[in-house]
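Here is a brisk walk through one protein model. Keep the sequence and the coordinates open while reading.

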Amino acid sequence: MVVYWRLLGESFGFALNALRTNKLRTLLSLLGVTVGIFSIIAVLTAVDSLDRKIKKDLSTLDKNTMYLTSVPFGPSDIPQWKIEQFPKVTYDEYQYLKKEEIDGVENMSFQFFTKTEQVRFESKTMSDVNMVAVTDEFDDIQRMEFEEGRFFNESESNSARPVVVLGYEIAQGLFDGAEPIGKTVRIYGQRFQVIGVTQKKGGSGIDVGGGDDTSAFFPSNFLRKLYGDKNDMMLPVVIIKPEKGINIDELKANIGHKLRDYRGIKTDNIDNFFINILSGLTDFIDNMVAQLNTIGWIISGFSLLVGGFGIANIMFVSVKERTHLIGIQKSLGAKNKFILLQFLFESVILSVIGGVVGLILVFIIAQVLTNMLDFEFVLGMGNALLGTGLSALIGLISGVLPAISASRLDPVEAIRTGM
């Protein structure tokens with residue numbers, strides 16, 4: 001074992017010597033490994049960070065949460081032209097389903113998916129605010145957390161009272177640290193009283209039904225009062241929170257049966273509505289993440305291939321430059337195995353150096369982007385180990401042929417060649 005440690009130390013010394021004596025050639029050769037490891041780990045880090053943030057945002061919702069609406073959240077076998085003819089879910093249907101007290105339903109809320117708006121306070125304006133028009137039950141379904149204040153209650157929801165809960169960033173932008181509760185803001189040209197501010201979450205770009213820092217929550221009945229129930233800018237949705245441990249497929253079928261009866265849909269006709277389950281969205285996200293990772297591997301694989309050729313080039317040159325030394329080692333009793341391992345270790349060490357540089361670049365850029373974008377990019381230990389292991393594997397594969405050629409040199413010819 002001591003011999004192998006000495007061999008590893010000597011190989012490390014040779015690798016460093018190659019860096020010192022042939023700086024430009026070695027750095028250019030290692031650049032391929034560095035770029036390849038950087039590309040792969042950067043993609044994996046970005047995708048993993050996005051996936052972690054999305055899953056964290058969705059963790060406030062039960063994965064079995066259902067969204068009853070006129071459009072699918074994913075691919076559908078029904079033609080698009082036919083989907084466009086489906087009637088929108090109505091507030092009356094929401095009330096009907098709620099009064100039915102369907103077994104397995106813990107809570108139910110009505111929401112309008114609608115376009116962004118401006119929110120104004122005195123001379124300050126926040127644009128592209130995500131407007132979340134919901135009934136009071138949304139607070140329980142979403143399990144919202146508040147920096148201060150509260151969510152609107154049933155009375156305020158039913159009476160369409162102009163009250164609003166602001167996302168953290170919206171409140172900060174409008175009030176700049178001042179007390180927002182009780183203040184009046186203008187939305188849709190109307191005055192709204194601020195009754196709450198949500199806790200800071202940070203953005204992932206995906207928030208089902210709202211809930212991020214750039215949202216404003218207010219009673220859906222206010223929009224119904226302002227625009228009526230039929231408006232192309234609004235997509236009505238009934239959010240259904242199932243009880244824990246309930247059979248989701250049976251509950252979905254029960255809800256569908258109730259709505260079919262209410263709408264008078266004939267037995268031989270298909271549903272003219274969709275019951276989207278949140279778990280289906282998470283499966284879609286997982287599939288999307290896997291595809292992004294695959295694309296990253298394919299693109300970065302070319303860089304790793306170039307890096308492997310670069311390492312092989314260094315090692316072939318190193319074998320040629322040290323032919324005389326190899327001959328002396330073999331004449332003194334060094335076995336082929338010893339020479340083989342010496343060059344393999346050197347190749348792996350050089351490749352790992354390139355890989356570590358790539359990981360350091362990923363770490364630095366991740367920290368910079370985290371501070372700039374207010375989105376946490378995390379270089380996980382798993383990705384760091386993957387990058388190191390991958391660079392070692394590239395070095396091992398690239399060094400095999402040069403190491404074999406070195407181990408098979410005839411000692412007499414090797415010494416003569418170097419003279």
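In which sense do E6 and strand E8 pair, and over how many bridges? They pair in the parallel sense, over four bridges. One residue pair in this register is valine 164, which stands opposite valine 194 in E8. The model is predicted.

**Strands**

E6 covers residues 163–166. Val163 and Val165 point one way from the strand. Val164 and Leu166 point the other way. All four are buried.

E6 also pairs with strand E9 (residues 215–219). Here the strands run antiparallel, joined by two bridges. Valine 165 has phenylalanine 217 as its bridge partner in E9. Leucine 166 stands opposite alanine 216 in E9.

E9 has a further pairing, with E4. That one is parallel and is made over five bridges. Valine 134 has proline 219 of E9 as its bridge partner. How well covered is E9? Mostly: five of its five residues are buried.

**Aromatic residues**

The structure holds 17 aromatic pairs. One of them is formed by phenylalanine 218 and phenylalanine 222, in an edge-to-face arrangement. Their centres are 6.4 Å apart, with 85° between the planes. Both phenylalanine 218 and phenylalanine 222 are buried.

Phe217, the partner of valine 165 in E9, belongs to an aromatic cluster. The other members are Phe138, Phe146, Phe151 and Phe152.

A charge also meets a ring. The charged end of arginine 224 sits over the ring of tyrosine 91. The distance to the ring centre is 4.1 Å.

**Salt bridges**

A search of the whole structure finds ten salt bridges. Three of them are set out here.

| Acidic residue | Basic residue | Closest N to O distance |
|---|---|---|
| Glutamate 93 | Arginine 263 | 2.7 Å |
| Glutamate 137 | Lysine 98 | 2.0 Å |
| Glutamate 106 | Lysine 241 | 3.2 Å |

Take the bridge between glutamate 93 and arginine 263. Glutamate 93 lies in helix H4 (residues 91–99) and arginine 263 in helix H9 (residues 248–263), so the pair ties together parts that are 170 residues apart in sequence. Both residues are buried.

Next comes the bridge between glutamate 137 and lysine 98. Glutamate 137 is in the loop between strand E4 (124–134) and helix H5 (138–142), whereas lysine 98 is in helix H4, so this pair links parts that are 39 residues apart in sequence. Is glutamate 137 buried or exposed? It counts as buried, because its relative accessibility is 8%. Lysine 98 has a relative accessible area of 34%, so it is partly exposed.

The bridge between glutamate 106 and lysine 241 connects two strands. Glutamate 106 lies in strand E2 (residues 105–114) and lysine 241 in strand E10 (residues 234–242), so the pair ties together parts that are 135 residues apart in sequence. Glutamate 106 is partly exposed, with a relative accessible area of 42%. Lysine 241 is buried, at 9%. The two residues also take part in a network: salt bridges that share partners join Glu106, Asp140 and Lys241.

**Helix H12 and its surface patch**

Which residues form a nonpolar patch on the surface? They are Val356, Ile360, Phe363, Ile364, Val368, Met372 and Leu373. Together they have about 650 Å² of accessible area. Valine 356 lies in helix H12, which spans residues 336–373. Why does valine 356 count as partly exposed? Its relative accessibility is 34%, and partly exposed is the range between under 20% for buried and over 50% for exposed.

**A contact across the sequence**

Lysine 330 is placed in helix H11 (residues 323–331). Its relative accessible area is 15%, so lysine 330 is buried. How far is lysine 330 from isoleucine 415? In sequence they are 85 residues apart. In space, the C-alpha to C-alpha distance is 9.7 Å.

Key. Residues numbered from 1 in each chain as written. Predicted model: local features only at pLDDT ≥ 70, side-chain atom pairs only at ≥ 80, totals over all residues. Heavy atoms only, no water. Patch = residues over 30% accessible without salt bridge, like charges linked within 9 Å, V, L, I, M, F, W, Y side chains within 5 Å. Areas by Shrake-Rupley, 256 points an atom, 1.4 Å probe, with all protein chains shown as cover. Salt bridge = Lys/Arg side-chain N within 4 Å of Asp/Glu carboxyl O. Buried < 20%, exposed > 50% of the residue type's maximum accessible area, 1.4 Å probe, protein only. Phe/Tyr/Trp six-rings, centres within 6.5 Å; stacked < 30°, edge-to-face > 60°. Lys NZ or Arg CZ within 6 Å of the ring centre and 35° of its normal. Pairing = 2+ DSSP bridges.
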